[in-house]
Amino acid sequence: MVRICYESVIIGALLALSSAFPKPPRVINPLNPDDPIKLPSGVTKRVLIAGGGLAGLSAALELSERGYDVTIRESSDVIGGRLFAKPVVRLNRTFHVEHGFHGWFHNYHQFKDIRQRLDIDDHFKPWGAVDYIFRHYKPESIYSEGSYPFNLLGIIMRSPNLQMGDAVRSTLGLPDLIWFDHNTIYDKYDNLTLGEWAELKMIDKKFYEIIMQPSLSVTVNEREIISAAEMLMYMQLYFLSDPKADVREVTKKNYYSAVIEPWCKKLQSYGVKFDMNSPVKSFIIDEKTGMVIGEDSNPDEKYDHVVMATDLIGVHSVLNATLHKYKSNLNISAKLSTIINKISGLHLAPPYKVFRAWFDKQLNDSSPMILETPDFTPVNLIAQYHLLEDEFEKWANETGGSVIEFHLYTWKYGEVPDSEVWSIISPTVREIYPEIFDREFNMLAYHVNSFQNFPSFERGSHKYRPLSNFAAKSGFPNLALAGDWLHTEYPSALMERAVSTGREAANQLLLLDHVRQAALTVTSSHGPGLL
């Protein structure tokens, strides 16, 4: 009875927050609304986009729609960046295997717009509750339902692990969430890790480990060093900004068929050219005007604008090679050094692997489509692809087998042959899904992706993270940056940051040519607050 009365008081206090309202998305309108929406007839403007990932594809879509002659140079043999899917032959059959599993969230506003323009919304389906398994707590199935703040209250009330007191003991952290301010959060907390912030704010241990800490996994960063400011922004973007913020979708098809192929076909219909296996190694700069006019592998090709949409490795490589070439030109080298020095403190997250296996049996029906396993390093996420995508579903229906993907972030076992990965992770997999071993699943085939190309968002790195217009402000007005490693002046992350900065890059160039910019819809920079 005492506990019931105690919780009633707490619930009443939380319901008083009903005067707090999440802020709707805001629209960043064009700076030049009266300019024409396309290049004038007879005017040709050539654009080189270095990098065929999501940022480059996003910039290409905006520019080619407005009449620009766009060439995308991609260093690899696949388009789409971390959304690529390439054909692999397994079991005498061709499957498209992705970089790794991704979800599309409610607040992916630019990506929503792109999906509608590509007419591919029917390629997606809902992903319901998010399922977690922990070492020291009961499994959780977390979802947001109802209006704010009742949706947050419901998560606590439905939890088999949490009580209202756990949340109440964490109220010192509430102001940073309820009054979140994207304009000040990095100055306040980028010098702390999320764990240090939680300790400073005396966040309840159980509440932190169940509600907050699991979100660290999706960043592919080490939880011990990730910036508190970046993670508080994640909470605004993926949870607090809207009762539907954690609503997410997955594709019904592989990512190439669902997204990348229709995107490339749309771009090709606008005349975009794709040069594959064709890395940009360094830029050609007009020493009189300071404009970037080309790149060294094909010096006869001249461009009016350049978008650098490579990953962070490519950015460092291209800029340093360009600096070496122009080291005798004090003006150009000084401008390049400004950019290079700015990004000098940006590093890569640790290596990670994605292991996809074909088994002869299926997990029991109660096993979730996607399971997040934040306490079970090196395994961070398990996705059952025969429940996700049609080609794997078809194979599973024909054979009775399953296709299961294991995400292995912050890989600490060094360079090992693909054939040894399963032996390394199988003891951990046994803890999560013992039936794979108890029922003697046979692994029929496997595929391993290994990467170290994800940007680190470690504590203290924000001061090195530029905006998309930093190259222009450093003296190269026709050079724009795009990518998920950049900072935006509004909450964004992962795929949405990539496509948003791609649009920003296009807008920078459109403004130069007096062509109307594209509007951006973005998540509010402010938490719900109190009225």
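**A helix pair, a small sheet and a buried serine**

In this predicted model, helix H2 (residues 54-65) and helix H3 (residues 109-118) have axes that come within 12 Å and cross at roughly 55°. Two packed helices are described by just these things, the angle between their axes and the distance between the axes. Angles from 65 to 115 degrees would count as roughly perpendicular and those under 35 as roughly parallel, so H2 and H3 end up oblique to each other. As for handedness, H2 goes past H3 in a left-handed crossing. On the H2 side, the residues that meet H3 are Leu54, Ser58, Leu61, Glu62 and Glu65, and they face Phe111, Ile114 and Arg117 in H3. Sorted by character, the residues of this contact come out as 4 nonpolar, 1 polar and 3 charged.

Next comes a sheet. It is open and made of 3 strands, in the order S6-S10-S7, with antiparallel pairing. Strand S6 (104-105) and strand S7 (124-127) sit at the edges, each pairing on one side only. S6 is joined to strand S10 (residues 248-251) by 2 bridges, with the two strands running antiparallel. Trp104, for its part, has Glu249 in S10 as its bridge partner.

Finally, there is Ser367, found in the loop between strand S15 (352-359) and strand S16 (370-372). Its relative accessibility is 8%, so Ser367 counts as buried, the cut-off being under 20%. Setting aside neighbours within four places in sequence, Ser367 is in contact with Gln384, Tyr433 and Glu435. Glu62, one of the H2 residues that meet H3, lies 305 residues from Ser367 in sequence and 42 Å from it in space, C-alpha to C-alpha.

Notes:
Residues are numbered from 1 along each chain as its sequence is written. This is a predicted model: local features need pLDDT of at least 70, side-chain atom pairs count only at pLDDT 80 or more; totals for chains, interfaces and linings use all residues. Side-chain values use heavy atoms; hydrogens and water are left out. Helices (H or I, at least four residues) and strands (E, at least two) are DSSP runs, numbered from the N terminus. Buried means under 20% relative accessible area, exposed over 50%, partly exposed in between (1.4 Å probe, protein chains only). Contact means heavy atoms within 4.5 Å. Axes are lines fitted to C-alpha atoms, for helices over the stretch in contact, and angles run from 0 to 180 degrees between N-to-C directions. Angles under 35 degrees count as roughly parallel, over 145 as roughly antiparallel, 65 to 115 as roughly perpendicular and the rest as oblique. A crossing is left-handed if the near helix is turned anticlockwise from the far one by less than a right angle, and right-handed if clockwise. Ala, Val, Leu, Ile, Met, Phe, Trp, Tyr, Cys and Pro count as nonpolar, Asp, Glu, Lys and Arg as charged, and the others, Gly among them, as polar. Two strands pair if DSSP finds at least two bridges between them.
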